[in-house]
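Here is a short tour to read alongside the structure on your screen. We will start where two chains meet and then move to the interior.

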Amino acid sequence: MADVVLKGIRKSFGATEVLHGIDLEVKDGEFVVFVGPSGCGKSTLLRIIAGLEKITAGELFIGGRFVNDVPPAERKIAMVFQSYALYPHMSVYRNMAFGLKFAKLGKVEVDRRVRHAAEILGLTPLLDRKPAELSGGQRQRVAIGRAIVREPSVFLFDEPLSNLDAALRINTRVEIAKLHRELSATTIYVTHDQIEAMTLANKIVVMNQGRVEQVGSPLDLYHRPANLFVAGFIGSPQMNFIAAKVEATHSGLVILSVVDGNEVALPSPTLPLTLQETVTLGIRPEHMTEGCDGALKFEGEVEAAEHLGEATLVYLRLANGTRLIVRAPDDTEAAPGARFKASAPDRSIHLFATDGSALTRARQESRRPA
Amino acid sequence: MLGGCPQAAPPVNRHRAARAAVHAALILYTLLAIGPILLVLMNSFKARRAIFGDPLAPPTTETFSLVGYNSVLSKADFTLYFVNSVTVTIVSLGAVLLSGAMAAWALTEYRFRGNAIIALYMAIGIMVPIRLGSVSILKFMVDLGLVNTLTALVLVYTAMGLPLAILILGEFMQQIPRDLRDAARCDGVSEYRIFWSVILPLIRPAVATVAVFTMVPIWNDLWFPLILAPGRDTQTVTLGVQQFIGQYVTDWNAVLASLSLAIAPILVLYVLFSRSLVRGLTAGAVK
């Protein structure tokens with residue numbers, strides 16, 4: 001068991017810097033998910049923790065030990081790769097036992113560990129097969145088994161579910177969560193899928209362009225995104241963003257003019273706003289409702305409606321061209337071309353400054369979803 | 001993972017003529033390639049008169065004769081030539097495959113100063129025929145005191161085979177997913193172990209391909225044995241055969257018999273490697 005601490009980690013490939021100083025603390029036993037769009041540096045960061053990439057600058061500690069120049073094998077980590085990376089010419093058994101052969105464990109212990117891992121993962125009947133004779137899900141389990149037998153302090157997963165089909169992905173996701181509960185080893189998991197991040201993580205690290213945008217629990221990120229990027233990345237469908245202008249501030253309220261000359265009064269953020277400053281309002285589609293009950297009202301034309309079964313996604317186009325998505329009940333009638341009214345309660349409205357950072361409002365800390 | 005998928009058969013009707021043409025061309029080529037070998041084999045079992053009387057006829061009970069083989073095998077020297085050839089070929093082959101694979105691995109896997117220069121240097125070795133350097137090679141071997149030794153031949157053949165071996169093996173190594181090596185590194189497998197237990201087994205077809213391409217020219221070479229090791233004790237089969245070819249009289253029975261004997265080992269090795277060879281040649285073509 002071990003914690004992982006990153007201090008000012010930078011990584012350059014040639015002249016291009018891909019990680020711009022990452023500070024992060026992963027506590028012992030935690031399940032941390034790195035999430036972000038492709039090319040944001042999350043896989044590189046994982047490979048740095050694994051020891052597969054050299055650190056350009058900064059310090060890395062695993063279990064309190066300074067490991068910048070320690071080879072992967074001595075870091076007590078095990079990594080599961082997106083491509084599974086099974087040795088094609090070895091049986092399932094040998095795939096799992098291969099790394100242990102060099103750990104001076106003795107045949108009996110190796111055999112015990114392999115059989116135990118196979119038992120946990122339901123691989124016992126497949127031990128003599130070659131990887132080519134396995135399905136995608138089975139290969140993934142062998143890859144996980146190969147990590148388990150090493151009994152590592154830290155598990156590293158690099159997009160382990162990306163190559164599986166949708167149904168299998170959900171099953172394996174649940175299995176990984178269960179495995180983490182049973183082994184309670186520190187786990188770092190990289191994905192671009194925010195559902196995986198939300199469901200698996202104790203702590204999510206949202207990354208973008210080589211920087212950490214926000215670190216927090218899944219619900220933290222959902223309810224209190226630190227900036228426009230996190231707000232847009234977490235949640236599906238994406239949060240609606242609407243431009244607004246500060247018209248007046250007085251007695252703890254800020255008056256904003258939104259599209260169509262619509263005005264809304266919101267409790268003032270903790271930071272002062274200047275008059276005529278442009279801000280961005282953020283409202284999640286699931287917090288908007290049909291009708292005019294909320295503090296902020298919109299009227300627009302329905303561009304499309306998607307019936308998901310449990311809900312209907314209504315795509316609206318406002319008079320000034322702004323597009324909104326409303327997650328409405330499944331029985332909502334919204335034919336393309338029709339007029340549609342939607343509104344949002346003020347407690348569901350996020351406020352972002354011109355530079356994209358979130359403006360916390362006095363009442364926001366206690367806010368709960370509608 | 002390196003095996004190619006067979007292509008789906010095209011619709012029979014439309015392509016029947018095209019396929020017939022392809023087969024005809026292939027059969028013609030096969031005959032052209034096999035013809036001379038068959039001719040040598042057939043005639044080596046015939047009496048001298050029959051060789052000249054009807055060279056294209058297979059041996060019959062009347063014309064059958066082992067006189068050629070008798071005269072070749074009765075000369076003790078021939079066994080020596082044979083052993084020389086086998087020694088030179090096997091040792092050179094081993095050296096080319098081992099150092100070629102290791103060099104290819106180093107050049108493809110590790111980034112170090114001069115990496116590109118060395119790779120380029122090796123590529124030049126493919127383009128420039130080694131025989132152009134015969135004079136300096138001979139001078140060099142004289143200086144080293146290696147003339148008339150098998151070592152001289154092994155050294156030259158290793159140098160001759162390395163560039164192509166490195167190119168082909170390196171190409172195959174690049175196709176092995178990076179994750180596989182990384183997984184092995186995380187598993188605590190040493191770099192040497194990764195090379196021996198992960199990389200080499202996966203490029204076996206390529207190794208077989210390189211083996212055949214390296215082996216055949218060495219076995220058949222006449223040039224370097226002639227200039228570097230023409231001594232009695234170091235002659236190879238191809239050189240040894242020459243003693244039956246005189247300025248005025250040529251013992252054709254003996255020449256054909258020794259040629260047939262010289263073909264045999266290479267044929268056996270080829271058959272052994274051929275399955276892997278075909279896989280090696282087509283691998284990577286379909287992906």
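Welcome to a predicted model. In it, 17 residues of chain B are in contact with 20 residues of chain A. The notes below look at that interface, then at the nonpolar cores, and finally at one helix of chain A.

**Where chain B meets chain A**

- About 1,600 Å² of area is buried between chain B and chain A, and carbon and sulfur atoms give 65% of it.
- Three residues stand out here: B:D179, B:C186 and B:D187 supply 37% of the area that chain B buries against chain A, more than any other three residues.
- As general background, the size of an interface is often given as the accessible area lost when the parts come together.

**Polar and charged links across the interface**

- Two salt bridges are counted between chain B and chain A.
- If you would like a salt bridge to look at, find the side chains of B:R178 and A:E53, which meet in one at 3.9 Å, N to O.
- Seven residue pairs, both members at pLDDT 80 or more, are in polar contact between chain B and chain A.
- On the side of chain B that touches chain A, α8 (178–186) and α9 (191–202) of chain B each supply at least two residues.
- The most comes from α8(B), which gives eight residues to that side.
- Sorted by class, the side of chain B that touches chain A has nine nonpolar, two polar and six charged residues.

**The nonpolar cores**

- The largest nonpolar core has 80 residues, and those with the most contacts inside it are A:V4, A:L6, A:F34, A:I49, A:L60, A:L156 and A:I188.
- Helix α4 (residues 76–109) of chain B gives the most to this core, with nine residues.
- Leaving aside residues up to four places away in sequence, A:F34 touches ten-odd neighbors worth finding on screen, including A:L24, A:L45, A:I49, A:I188 and A:V205.- A second, separate core of 45 residues includes A:V35, A:A143, A:I144 and A:I148.
- In soluble globular proteins, nonpolar side chains tend to be buried together.

**Helix α1 of chain A**

- Helix α1 (residues 42–50) of chain A is mostly covered, with eight of its nine residues buried.
- The buried residues of α1(A) are A:K42, A:T44, A:L45, A:L46, A:R47, A:I48, A:I49 and A:A50.
- Among these buried residues of α1(A) is A:I49, which also appears among the residues with the most contacts inside the largest nonpolar core.
- A:F34 touches A:K42, A:L45, A:L46 and A:I49, among others.
- Just after α1(A) comes A:G51, which takes a positive phi of about 95 degrees.

Key
Residues are numbered from 1 along each chain as its sequence is written. Chains are lettered from A and ligands numbered from 1 in the order in which they are written. This is a predicted model: local features need pLDDT of at least 70, side-chain atom pairs count only at pLDDT 80 or more; totals for chains, interfaces and linings use all residues. Side-chain values use heavy atoms; hydrogens and water are left out. Contact means heavy atoms within 4.5 Å. Buried area is the accessible area (1.4 Å probe) that two parts lose on being put together, summed over both. A salt bridge is a side-chain nitrogen of Lys or Arg within 4 Å of a carboxyl oxygen of Asp or Glu. A polar contact is a pair of N or O atoms within 3.5 Å; within protein, one must be able to donate a hydrogen and the other to accept it, and residues adjacent in sequence count only if both atoms are side-chain atoms. Helices (H or I, at least four residues) and strands (E, at least two) are DSSP runs, numbered from the N terminus. Ala, Val, Leu, Ile, Met, Phe, Trp, Tyr, Cys and Pro count as nonpolar, Asp, Glu, Lys and Arg as charged, and the others, Gly among them, as polar. A nonpolar core is a set of buried Ala, Val, Leu, Ile, Met, Phe, Trp, Tyr and Cys residues joined through side-chain atoms within 4.5 Å. Buried means under 20% relative accessible area, exposed over 50%, partly exposed in between (1.4 Å probe, protein chains only).
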